[in-house]
Amino acid sequence: MSDSVIHAEVLVLGGGPGGYSAAFRAADLGKKVVLVERYPVLGGVCLNVGCIPSKALLHIAQLIHELEEFKHHGINATLDLDIDKIRTWKQSVSKGLNDGLAKLVKQRKITLIQGVGQFTGSNAIEVTESTGKQTVTFDNAIIAAGSHPTKIPGFPHDDPRLMDSTDALELKSIPEKLLIVGGGIIGLEMATVYHALGAEISVVELMDQIIPGCDKDLITPLFRRIKKQYQNIWLETRVKSIEALAEGLKVSFEGKDAPESEIFDQVLVAVGRRPNGKLINAEAAGVTVNEQGFIPVDKQQRTNVAHIFAIGDIVGNPMLAHKAEHEGKVAAEVIAGHKVAFEALTIPSVAYTDPEIAWMGLTENQAKEQGIAYEKGAFPWAASGRSLSNGRNEGITKILCDPDTGRILGAGMTGNNAGELIAEAVLALEMGADAHDIGLTIHAHPTLSETFAFAAEMVTGTITDLYIKK
Ligand code: NAD
């Protein structure tokens with residue numbers, strides 16, 4: 001097929017949550033938009049091989065765990081897992097959302113091109129499609145080309161028993177013994193899934209804590225629980241090598257408590273993600289890409305080239321879909337002439353483990369490192385009627401406030417639905433609420449959301465659900 005040329009007022013490269021949000025907002029603001037996506041479906045890593053399929057599987061894991069735990073409380077169900085059906089269900093969740101996005105593209109009259117885009121100049125990109133090549137010229141571009149899983153050199157990556165997160169989500173089989181390299185969010189979420197589906201789990205983490213960076217008191221309830229469930233959690237341990245043998249993957253370790261080596265049926269490597277900045281020929285457009293592959297941008301998401309913007313994983317951490325979506329809208333609005341910038345006060349983090357961990361704003365680790373004074377209120381879920389009714393007593397909700405003004409600086413929660421509950425804390429921070437505002441807001445009883453008000457009451461000294469000695 002011969003090359004053809006089309007023109008876009010706004011070209012968006014990448015159809016993940018950041019890219020499609022940018023494209024939709026630009027179209028809604030009256031721009032002629034071309035969206036380029038390499039895969040046949042929109043939604044990127046998040047919708048196809050990340051957040052959404054993992055949450056579908058985590059929901060199944062939660063059902064399994066709850067059934068098992070309520071065996072002690074009168075529910076005598078027998079579990080009979082059909083992995084094929086579980087896989088099909090998981091795929092159907094993503095498919096429904098893919099179809100929804102395709103509809104939204106049509107409704108907004110966006111031109112969608114499936115192919116791999118590479119810049120050829122400061123106002124042009126070439127898209128290699130299955131049927132040929134197409135050039136798109138543009139007035140403005142938004143780069144939303146995402147990231148890919150980090151590979152550790154020397155590991156036998158061609159062996160199908162060595163998985164990345166995409167492979168693990170395919171759920172081809174449930175290994176008897178699974179090693180997870182990396183005790184970060186992906187590693188621990190997939191550990192939750194595979195443990196529920198019957199695998200024996202070992203986790204190896206380089207640092208002295210799982211989910212390094214997260215405050216220790218938030219991690220403790222999760223760590224205590226998985227320490228009992230999993231075969232091993234090796235901290236401060238490095239994987240030296242992985243050797244592919246007929247009987248399994250032989251993994252050699254270097255660290256505190258780990259054995260010299262052990263054989264596993266499968267190994268999942270989840271040691272972070274790398275930005276795709278070096279894969280799009282950005283230099284042809286004059287766009288700066290740093291050593292690591294990130295594209296530096298200003299608060300309006302503008303790269304060093306004034307009419308080219310970048311958003312999402314490719315501009316920096318945290319690599320989170322909700323950050324990318326927000327940045328995508330900012331970029332589209334700036335292009336449409338709005339006087340806006342990325343001014344969010346915080347980006348919440350959630351680990352959808354069991355229990356979930358969520359935090360936002362200032363952490364205690366950061367406050368200590370930066371010498372920021374704070375007052376802390378923490379409410380244990382062992383005193384929450386709702387949590388106990390759910391059969392769980394191990395959660396915590398904490399709030400950090402400015403000691404002078406009482407204003408919320410940060411918050412964290414560990415327990416069922418912490419990922420949902422953190423939204424209230426984010427809103428409180430954005431609205432400049434103080435501990436009294438939160439404590440005096442009537443929360444429905446009995447709910448897990450009450451624990452946020454109780455934590456605030458621990459700061460104001462008005463708590464009645466616990467006794468605090470004066
Ligand atoms: P991560 O950076 O969160 O965790 C990787 C972990 O691996 C870290 O704890 C790190 O110390 C450890 N590690 C690094 N090298 C190691 C080695 N050689 N041996 C043992 N441990 C090693 O990365 P991830 O979990 O792969 O996630 C990637 C990205 O995707 C992150 O930005 C994450 O925020 C994002 N993500 C978010 C969610 C969510 O929001 N729920 C879910 C999945 C992924």
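Helices and strands here are DSSP runs, a helix having at least four residues and a strand at least two, and they are numbered from the N terminus. With that in hand, it's easy to find a way around this predicted model. A good place to start is Leu171, which sits in the loop between α5 (165–170) and β9. Its phi is near 55°, a positive value in a residue other than glycine. Leu171 has 0% relative accessibility, so it counts as buried, the cut-off for that being under 20%.

From this loop the chain leads to strand β9 (residues 177–181), which is joined to β10 by five bridges, with the two strands running parallel. One pairing to look for is Leu178, whose bridge partner in β10 is Ile201. Strand β10 itself covers residues 200–204, and four of its five residues are buried, so the rest of the structure largely encloses this strand.

Ile201 also gives a handy route to helix α7. That helix spans residues 216–229 and holds Ile226. Between Ile226 and Ile201 there are 9.5 Å in space, C-alpha to C-alpha, and the two are 25 residues apart in sequence. Ile226 has a relative accessibility of 3%, and it therefore counts as buried. What does Ile226 touch, leaving aside residues up to four places away in sequence? The answer is Leu188, Ile210 and Ile233.

Further along comes an open sheet of three strands, in the order β12-β13-β14 and with antiparallel pairing. Its edge strands, each pairing on one side only, are β12 (237–245) and β14 (261–264). On average, neighbouring strands of this sheet are turned by 25° against each other, ignoring direction. Strand β13 takes in residues 248–255, and four bridges tie it to β14, the two running antiparallel. Within this part of the sheet, Val251 stands opposite Glu262 in β14. As a general point, side chains in a regular strand alternate between the two faces of the sheet.

Next, the helix pairs. Helix α1 (residues 17–28) and helix α8 (residues 321–335) have axes that come within 7 Å and cross at roughly 30°. Angles under 35 degrees count as roughly parallel, and so α1 is roughly parallel to α8. The crossing of these two helices is right-handed. On the α1 side, the contact is made by Pro17, Gly18, Tyr20, Ser21, Ala22, Arg25 and Ala26, while α8 brings Ala321, Ala324, Glu325, Gly328, Lys329, Ala332 and Glu333. What kinds of residue make up the contact of α1 with α8? Seven are nonpolar, three are polar and four are charged.

A second pair is formed by helix α3 (residues 51–69) and helix α4 (residues 83–107), with axes coming within 9 Å and crossing at roughly 140°. An angle has to be over 145 degrees to count as roughly antiparallel, so α3 is oblique to α4. This crossing, of α3 and α4, is right-handed. Ile52, Pro53, Ala56, Leu57 and Ile60 in α3 meet a set from α4 made up of Ile86, Trp89, Lys90, Val93, Ser94 and Leu97. The contact of α3 with α4 breaks down into nine nonpolar residues, one polar and one charged.

A few backbone details in loops round off the tour. Where are the cis peptide bonds to be found? One runs from Asn317 to Pro318, with omega near -5°. Pro318 lies in the loop between β17 (308–310) and α8, the latter being the helix whose axis crosses that of α1. Another cis peptide bond joins His445 and Pro446, and here omega is about 0°. Pro446 has its place in the loop between α12 (435–439) and α13 (450–460).

Finally, there is Asn417, located in the loop between β22 (408–415) and α11 (418–430). Asn417 has a phi near 65°, a positive value in a residue other than glycine. Is Asn417 buried or partly exposed? Its relative accessibility is 41%, so Asn417 counts as partly exposed, whereas Leu171, at 0%, counts as buried.

Note on methods
Residues numbered from 1 in each chain as written. Predicted model: local features only at pLDDT ≥ 70, side-chain atom pairs only at ≥ 80, totals over all residues. Heavy atoms only, no water. Axes fitted to C-alpha atoms, helices over the stretch in contact; angles between N-to-C directions. Parallel < 35°, antiparallel > 145°, perpendicular 65-115°, else oblique. Left-handed = near helix turned anticlockwise from the far one by under 90°. Contact = heavy atoms within 4.5 Å. Nonpolar A, V, L, I, M, F, W, Y, C, P; charged D, E, K, R; others polar. Buried < 20%, exposed > 50% of the residue type's maximum accessible area, 1.4 Å probe, protein only. Pairing = 2+ DSSP bridges.
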